[in-house]
Each structure stands twice: as structure tokens, then as C-alpha cells.
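Hello,

Here is the structure for your project folder. Please open it first, then read the notes below.

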Amino acid sequence: MAPTTRKSSTSGNEIRLRAALKWAGGKYSVLPKLLAAFPDAPRLIEPFLGSAVVCLNTNYPAYILNDNNPDLIAFYRFIKKDGHAFIRACESYFSEKTNTKEAYEKYREKYNNILLHGGSRRDRAMLLLYLSRHGFNGLYRVNSKGLYNVPHGRYTKVKFPREELLNLHRKFQHAEIRHGDFEGTMRLAEPGDLVYCDPAYVPLSDTANFSAYTKMGFSLDDHKRLADTARELGKNGVNVIISNHDTDVSRDLYTDARIQCFEVQRNISRDAKNRGRAPELLAFFGPAANR
Ligand SMILES: C[S@@+](CC[C@H](N)C(=O)[O-])C[C@H]1O[C@@H](n2cnc3c(N)ncnc32)[C@H](O)[C@@H]1O
């Protein structure tokens, strides 16, 4: 393992790099708070990668990056390997003509047809970027058959994120990119590593909502498994930080961790009354818990 340690390149008022994909739960807006809490480490491990905006804004010597969304990971692997050629090909999907409801629905169907009937994985990866930038609010939502069903976002202008894609290409040259459940990736951590976990959050209001969350793939049992794994790694000298809503449920999950809380702006709900500020926490396990 590389002996050097260096953490974030971003704090306070520094420029923050943006993600290429719009992704629900993206951490762009809380990066200064988050990165200020990150300790130095020889390697950053992110088992819930999402938009990759966290690793993009750090400067660790090495990374292990994972998500259980196979299309997201296929997309990132094309960026890592095919870089400029893939980015140029993605750009062909971005024009005034392709930013209409009709074009969006045609491409969404094409994306789903590749899953249903087979086809080019590279085309599907390019379409993921198109759908993410043109769809409603960066939601990645599929139905019970796995078919993407997010409506058109009706943006007057859609920017092609060339710089953002190039930044990812550069970052990924220092990263192992994995697909799968979080636990296997967490268990690759060695003493001194930093593991940052950003799962789908526990519901803000009450635990009854957990059934809806479970359909999205992250149950209360998953949260317990995550907390248990973090605790175990922490005892072995790994620094683990978990993000979550600050609720009674999450306080129970992380009883033995050091907790830091703050407020964030929520904006993914269509329903205005569900927008506003929400309390979040960071739970620290391992040596950094004692700072
Ligand atoms: C809140 S998002 C992460 C956002 C990310 N930190 C960012 O700033 O964009 C949670 C991610 O966890 C992934 N995920 C959900 N369940 C998972 C599991 N069991 N194992 C690994 N990844 C999972 C989702 O696909 C999603 O990309």
C-alpha cells in the first residue's frame, strides 16, 4: 500500500468539482463540511459511489470505488478505459434536437430495450448519461422489471459535462472500480484506510416508511449490517464515516460512534412541503472517532 497520506483538495471556499451525472443524494452541496471531517489516509474506499462527486474532490493516493447499480458502474468503467473516445461519443447525444420530450422518450425506450433484448453495453452507458442530464431531477428510478421510468426534466438548456467527464477519467486512473454490495468492498479495507459510506438514508419521519425504502433496495437490516461492519472495521484500525439523516433510528444504529451533526438543504422532492432543511449526521468509527 502507498505510504503517503493526503486527504481532500477541497475545503472552505475552494472550487468544488461537479459530478458528470445528476444523481439523487449527491453530496456536492455538503462537500466542505464533509471533507473537513475526512482524515488523511493512504486510500479512500467508497462503497456507495453514486455520482462520484466525493472522490472527485479529494486527493488520496488510491481509491476503491463501488456501487451496486450495474449500469452506473459500466458507465464509469467506459470512462476509465476509453476516456476521450467515449466522451466524444457521449457528446453526440447532446443537442437542441435531443432535448425534447419526444427524443427523451425515444432514448429512454432504446435504453430499456437494450436491457430487455440485448444490445450494445456501450450505447446503454452513453444513454445513461443522456437520461441522467435530461431526466427529472437526476433521479435514477426503475420499475419492478428494472425498466427506467423517470420523466423528461423539461430543462430549457442541457449542458454537455465534458470537463466533468474528463475529471472522472483522470481520477479513475488511480481507482479500482467495483460492482456489488457494499460489504464486500468495505472488507477490503486495511488499517489506516478511510471508508466513506453514503447509503440511501433512513426515512426522516418514521420507521413505518421503511417498507418503501426496502423496495428501493436498502432496508433497516442493511443499515444494521452497515453499522456492524463499520464497527468491526473501526476496531481493526480502519476509519469509517457514515452519512445519514439525524433521526432516532440512526442514533440507535450508531450508539457507540462519535456523531457530528449539521443541516442540509433537501431538494429532490416534487412536493414543495417536503423541501427545506433537514438534520444530517456523520458517524465516525475507528481511530478518527477519538479526535
Ligand atoms: C446516496 S447515493 C450515494 C451518493 C454519492 N455519495 C454522491 O455524492 O453522489 C447511494 C448509492 O448507493 C448505491 N447502493 C444502494 N444499495 C447499495 C448496496 N447494497 N451496496 C452498494 N451500493 C448500493 C445506490 O446505487 C446509490 O448510487
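**Helix 5**

Helix 5 has a long run of buried residues: Arg 124, Ala 125, Met 126, Leu 127, Leu 128, Leu 129, Tyr 130, Leu 131, Ser 132, Arg 133 and His 134. Keep in mind that this is a predicted model.

The helix covers residues 121-134, which makes 14 residues. From first C-alpha to last it reaches 20 Å, close to the 20 Å expected at 1.5 Å a residue. Of its 14 residues, 11 are buried, so helix 5 is largely enclosed by the rest of the structure. What do those buried residues pack against? Their partners are helix 3 (70-91) and helix 4 (101-117).

**Ligand shell**

The ligand is surrounded by 21 residues. The closest are Gly 25, Lys 27, Phe 48, Gly 50 and Ser 51. By class, the shell holds 9 nonpolar, 7 polar and 5 charged residues.

**Two positive phi values**

Most residues other than glycine have a negative phi. Two residues here are worth a look on that point.

Ala 52 has a phi near 70°, a positive value in a non-glycine residue. Ala 52 sits in the loop between strand 1 (44-46) and helix 2 (53-56). Is Ala 52 buried or exposed? Ala 52 has 28 other C-beta atoms within 10 Å, so it counts as buried; the cut-off is 20 or more.

Arg 154 has a phi near 55°, also positive and also not a glycine. Its place is the loop between helix 5 and helix 6 (162-172). Arg 154 has 11 C-beta neighbours inside 10 Å, so it counts as exposed; the limit there is 12 or fewer.

Best wishes

Notes
Residues numbered from 1 in each chain as written. Predicted model: local features only at pLDDT ≥ 70, side-chain atom pairs only at ≥ 80, totals over all residues. Near = placed C-beta within 6 Å. Nonpolar A, V, L, I, M, F, W, Y, C, P; charged D, E, K, R; others polar. Helix = DSSP H or I, 4+ residues; strand = E, 2+ residues; numbered from the N terminus. Expected span 1.5 Å × (residues − 1). Contact = placed C-beta atoms within 7 Å.
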